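Biologist: Please take one part of this model and look at it closely, in terms that a first-year student can follow. I should like to know how the interior is packed, and how buried positions are told apart from partly exposed ones.

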Amino acid sequence: MPHICHKMRRVGFSLHRLVTSVPSSTVTRTCCVHQRVFTGSHTRYQSTSHGPSCQHKRGVSTALGLHIQDPSGPEQRLLDKLYTGLIAGQRASLAESITLVETQHPRKKELAQVLLQRVLVYRREQESRNGGKPVAFRVGLSGPPGAGKSTFIEVVGKMLTARGHKVSVLAVDPSSCTTGGSLMGDKTRMTELSRDMSAFIRPSPASGTLGGVTRTTNEAIVLCEGAGYDIVLVETVGVGQSEFAVADMVDMFVLLIPPAGGDELQGIKRGIIERADLVVVTKADGDLLVPARRIQAEYTSALKLLRRQSKSWNPKVVRASSHTSEGIPEVWAKMESYRDAMLASGELQGRRRAQQKVWMWSLIQENALRHFRNHPSVRGALPHLEERVTKGAISPGLAADLLLKAFSSSSSSSS
C-alpha cells in the first residue's frame, strides 16, 4: 500500500490538507470577487469585499490539494465568467459548468475543481447566513421502468415553480452503446418543465457507470445549489445498484411504484425499500385506483417490518396521479415534513457530512483502480493472466495477487 500511495503522489492523485486561513493582514477589500493568492507553488482563492453589499467578512483560502498548474489568462477569464454567471443564476453558465465537471480531459478536470472550490466557498457563506442549515433540498427519485418517473417529476416541478421555488432536475440516463450519449432523453419527455425559466433539466449519460449514477452527479448538485436552485431532484435509472449510490448524495430518497406490476414486493430488492424515506404509488386513477390502494396497503405493512433508518422519521406510503394531479400536493407536504423533522433533529446535516466522506472514498477507489489498470506492468501482464483465469489454469485470487505484486514491485523500483 505504501508503494501505491507513493506512485499516486508522483502523478498528482494524492490529496494534501492544505486548506488554511489567510491571515487578516492579507485581506484586501477591493472588489467582490474571489481573488487568487499565490503561496509557494499552490494557488489559493480568497474572498474580498467592497461596500456593504458584499457579505464576505474575511479572506477565505481554499487551496486545492491537487498539483494544479496556475490557470492561464484565457482559462482564468473562462472560470471568472462561469462563476459570475453561475451565482447570478444563468442557466447557460450552469450548463457549461456541468459540462466542465463531466469532461474526461485532464486539464479541464483540474479547472473544474478550481471552479467547484469557489462555488463551495460561496455555498458555505450562504449556509452560514442561513443559520448553518442547508439552503437547498436534495431529493432522489427512482423506480422500475414504467413507474412514470419523468411525468411525476414534471408535474411536481411545475407545482413547485408556481410556488416560487427554483427546481433543477438531474436525470441520469442509460448510455447509447453506439454514441455514448443519453438514450432515453428525459429532457424531451418533460416538455413543459423544460420551458419553465425557473427550472433546469440536465440529462446525463450513465457512460457505463455501475448503476447509472455518474461520478460527477454529486458535483453537479453542488453547482445547481450554487446557481440558486433550492430544490434539486435526481432521477436514476431503474431499480438496482444506482439507488444505493443516489441515496448517498441526497437528503431524501423517494421510491416510485406503479400499481400493476405483478408480485411487487418480490420484484424490487428489499434493500431498495429499506433505503426509501417515502414510497409513492403512481398512476392512482381510473381503473388502477383499486390496485393502487392494494399496493399502498402492502407496502405500508412491509415497511413496518423493516428497521428504521432515522429516529425522527417513519417512512410513509402515499398514492398520487400525475394525470389528474390528485395526491401531488400531499406528496410534497410529506417531503416538507421529512425535511423539517430531519433539520430539527440535526440528522440531515449529519447525513450530508457522512455523504461527503462516502463520496470521497468512492472517488479514491475509482481513481486508484484506473491508475492500477493503466500501469504499464499491469497492462502488460493482464491479457495473459486473464486468459489463464478463463481457462481455469489459475484462480482469480492468485491472478489478482500476481498483478498487485507486479504493480508494487515496479512502483518500488521506480522510486
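Modeller: A residue counts as buried when its relative accessible area is under 20%, as exposed when the value is over 50%, and as partly exposed in between. The model before you is predicted, and the terms just given can be tried on two of its loop residues. K283 has a relative accessible area of 36%, so it is partly exposed. K283 belongs to the loop between β8 (278-281) and α12 (289-304), and its phi is near 55°, a positive value in a residue other than glycine. S325 likewise has a relative accessibility of 36% and therefore counts as partly exposed. The loop that holds S325 runs between β9 (316-319) and α13 (328-345), and the phi of S325 is near 65°, again positive in a residue other than glycine.

Let us now turn to the interior. The protein has 415 residues, of which 47% count as buried, and its secondary structure consists of 16 helices and nine strands. In soluble globular proteins, nonpolar side chains tend to be buried together. The largest nonpolar core of this model has 45 residues, and the members that touch the most others are L94, L223 and V279. Helix α4 (residues 106-129) supplies the most to this core, namely seven residues. A second core, separate from that one, has 34 residues, including V156, A199, I328 and L343.

Two of the residues just named, L94 and L223, lead to the part that I propose to examine, which is helix α3 and its surroundings. With neighbours up to four places away in sequence set aside, L223 touches L86, L94, S97, I98, V101, L116 and V119. Where α3 and α8 pack together, their axes are 10 Å apart and the angle is about 155°. An angle over 145 degrees counts as roughly antiparallel, and α3 is therefore roughly antiparallel to α8. The crossing of these two helices is right-handed. On the α3 side of the contact stand L94, S97, I98 and V101, and on the α8 side E219, A220, L223 and C224. By class, the residues of this contact are six nonpolar, one polar and one charged.

Helix α3 (residues 91-102) also meets helix α2 (residues 73-87); their axes come within 8 Å and cross at roughly 130°. This angle makes α2 oblique to α3, and the crossing is left-handed. Helix α2 brings L78, L79, K81, L82, G85 and L86 to the contact, while α3 brings S93, L94, E96, S97 and L100. Sorted by class, the residues in the contact of α2 with α3 are six nonpolar, three polar and two charged. L94 and S97 thus take part in the contact with α2, and L94 and S97 are also found in the contact with α8.

What surrounds the other residues of this region? I221 is a residue of helix α8, and at 0% relative accessibility it counts as buried. Leaving out neighbours within four places in sequence, I221 is in contact with R138, L170, V232, V234 and M249. From I221 to I98 the separation is 123 residues along the sequence but 9.3 Å in space, C-alpha to C-alpha.

Beyond α8 comes the loop that leads from α8 (217-226) to β6 (231-235), and Y229 lies in it. With a relative accessibility of 1%, Y229 counts as buried, whereas K283, also a loop residue, is partly exposed. When residues up to four places away in sequence are not counted, Y229 touches R91, L94, A136, K166, V167, S168, S198, A199, F200 and C224. One of these partners, S168, is 61 residues from Y229 in sequence and 6.2 Å from it in space, C-alpha to C-alpha. Y229 touches L94 of the largest core, and Y229 also touches A199 of the second core.

Such pairs fit a wider count for the protein. Among contacts between residues at least 6 apart in sequence, 72% join residues at least 24 apart.

How values were computed. Residues numbered from 1 in each chain as written. Predicted model: local features only at pLDDT ≥ 70, side-chain atom pairs only at ≥ 80, totals over all residues. Heavy atoms only, no water. Core = buried A, V, L, I, M, F, W, Y, C linked by side-chain atoms within 4.5 Å. Buried < 20%, exposed > 50% of the residue type's maximum accessible area, 1.4 Å probe, protein only. Helix = DSSP H or I, 4+ residues; strand = E, 2+ residues; numbered from the N terminus. Contact = heavy atoms within 4.5 Å. Axes fitted to C-alpha atoms, helices over the stretch in contact; angles between N-to-C directions. Parallel < 35°, antiparallel > 145°, perpendicular 65-115°, else oblique. Left-handed = near helix turned anticlockwise from the far one by under 90°. Nonpolar A, V, L, I, M, F, W, Y, C, P; charged D, E, K, R; others polar.
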